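Please look over the following structure with attention to how its helices and strands pack together. The notes after it take one helix, one helix pair and one strand in turn.

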Amino acid sequence: MANPQILWADDEIDLLKPHVMFLQQRGYDVVTVTNGQDALEKVRQQTFDLVFLDENMPGISGLETLQSIKELQPALPVVMVTKSEEENIMDQAIGGKIADYLIKPVLPSQMLLSIKKNLHAREITQQRQTSDYQQEFGKLSMSIDMAQSFDDWVDVYKRLVYWELELAQSDDAGLSQMLLMQKQEANHAFAKFVKRNYEGWMKEKMALQNGLFSGKETAPTMSTDIFKSHVFPALDNGEKIFLVVIDNFRLDQWRTIQPLLSEYFTSKEEVYCAILPTATQYARNAIFSGLMPDKIAQMFPDLWVDEDSEEGKNLNEAPLIQTQLDRYRKHYSFSYHKVNESAFGERLAGQLKSLNQHPLNVVVLNFIDMLSHARTESKVVSELAHTESAYRALTKTWLEHSFTLDLFRRMAEMGYKVVLTTDHGTIRVDNAIKIIGDKNVNTNLRYKLGKNLNCSSKSVYEITRPKDFGLPVLNLSTSYVFATGRDFLAYPNNYNYYVQYYKDTFQHGGISLEEMLIPLITLEPKK
């Protein structure tokens, strides 16, 4: 590999020959000039990896040279070197998109550090990541084996998400494969944990709903608890709240967009557990009503839409919110907004001040849900989001370049606390398992409900007494079957076509860390 090429422009370059020799001894080819005009000529003639540029030279100044270099080579990193510590000089240099700023007299070690930061950071970072993850691999495997509680699994999942983000830019395919295998191992063990504990959690939640539970709560925070745990306490404290629900939003996606929101908010990150099925009809209605799905169907039959109905499954969210306010005797006015397209979101952002009359405003953002469906149905979107990393990048692009970031900025300016969460996550599926059912079985790939369900895999979680799990039934023999890990459920009819079409798509409804352990973020506006 050729040595990195460094251009150094300084009118006192003769006095800096020891520095030049120091860099040359470390494998850098250094071309020197004494003024800005010569520096520009060299940039026109030769390709450089980095430029050291003196700010105070005769003829055209360092700042003028910087501007011209950026016009010729916008991506060429330029390190400004100056005797001046004046703030306006620094501001101008930073505004000119310098890569670094050094104050004379400069030590050779400072220059080497600047070179490493600008030319070798990725390589050094990857080497460190490789070493750190290899050490962490064994510890994580042990944590997966020993996880006994919900909090243990939250810790495991947070660590897996951390490493997924850390290794996202790595060129080491072996590391990525190791992490994928470790996530699969974790999801396999997590599914067993859910099968052992979910029924107990549901009995506790339903007893609480019926006023029949007086012991110590052992179940984690779940979909039915969000208003009770995070919305009502703030309202009762006199705070104004925006509850923002982003459909299909995962912990890794939250951590990807968090830096964009940190300009306006401080954030507190928590993780809660979505109910089963991890699907909008069930989990989001449970959030807004504070009730398990069968209780909604029982108490408010006009607001519950059965699985086999062609009617939209989430048309009654505002009325469900009102039922929860009434049940807890909360007399707060609220507004409700579902955003399915940018035009409506832009209008909402523009009308935000008019919502100041309400202590509570609820916003549902459906972009990520639409993205996951579009990825299945559109070859173009599938190519754009062909990896988990690309899927996260599209989420960040959406926030950054749509109305959404402006919406959050205005919330912060108005002093609103924001509770940001989701109803469920989503997982990339790649393994089909056969299931047989009658013609009335639902179409979701991660869970099925109906009668006479017969599945070829022992890894599924079957619920034969839905009422004991807070789930509605279509008839006396209704059962639910949930896929786990990266499995999806396919019918024997047209099996090969079906499998090919849905393999490597993002789905939800079943049991996985990604679908069930989901972000619950409290955003406090910065003053």
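The buried residues of α13 pack against α9 (226–236), α11 (280–289), α12 (293–299), β8 (334–339) and β9 (360–365), where contact means heavy atoms within 4.5 Å. This is a predicted model, in which local features need pLDDT of at least 70, side-chain atom pairs count only at pLDDT 80 or more, and totals for chains, interfaces and linings use all residues. Residues are numbered from 1 along each chain as its sequence is written, and side-chain values use heavy atoms, with hydrogens and water left out.

**Helix α13**
- In α13 (residues 317–327), the buried residues (under 20% relative accessible area, 1.4 Å probe, protein chains only) are E317, L320, I321, T323, Q324 and L325.
- R329, which follows α13, has a positive phi, near 55°.

**Helices α17 and α18**
- The axes (lines fitted to C-alpha atoms over the stretch in contact) of α17 (residues 388–401) and α18 (residues 403–413) come within 3 Å and cross at roughly 60°.
- W398, L399 and E400 of α17 meet T404, L405 and F408 of α18.

**Strand β10**
- Five of the five residues of β10 (residues 417–421) are buried, so this strand is largely enclosed by the rest of the structure.
- K417, V419 and T421 point one way from β10, while V418 and L420 point the other way.
- β10 runs parallel to β6 (residues 241–246), to which five bridges join it, and T421 is the bridge partner of V245.
- β10 runs antiparallel to β19 (residues 517–525), with four bridges joining the two, and V418 stands opposite L523 of β19.

Conventions. Buried < 20%, exposed > 50% of the residue type's maximum accessible area, 1.4 Å probe, protein only. Axes fitted to C-alpha atoms, helices over the stretch in contact; angles between N-to-C directions. Pairing = 2+ DSSP bridges.
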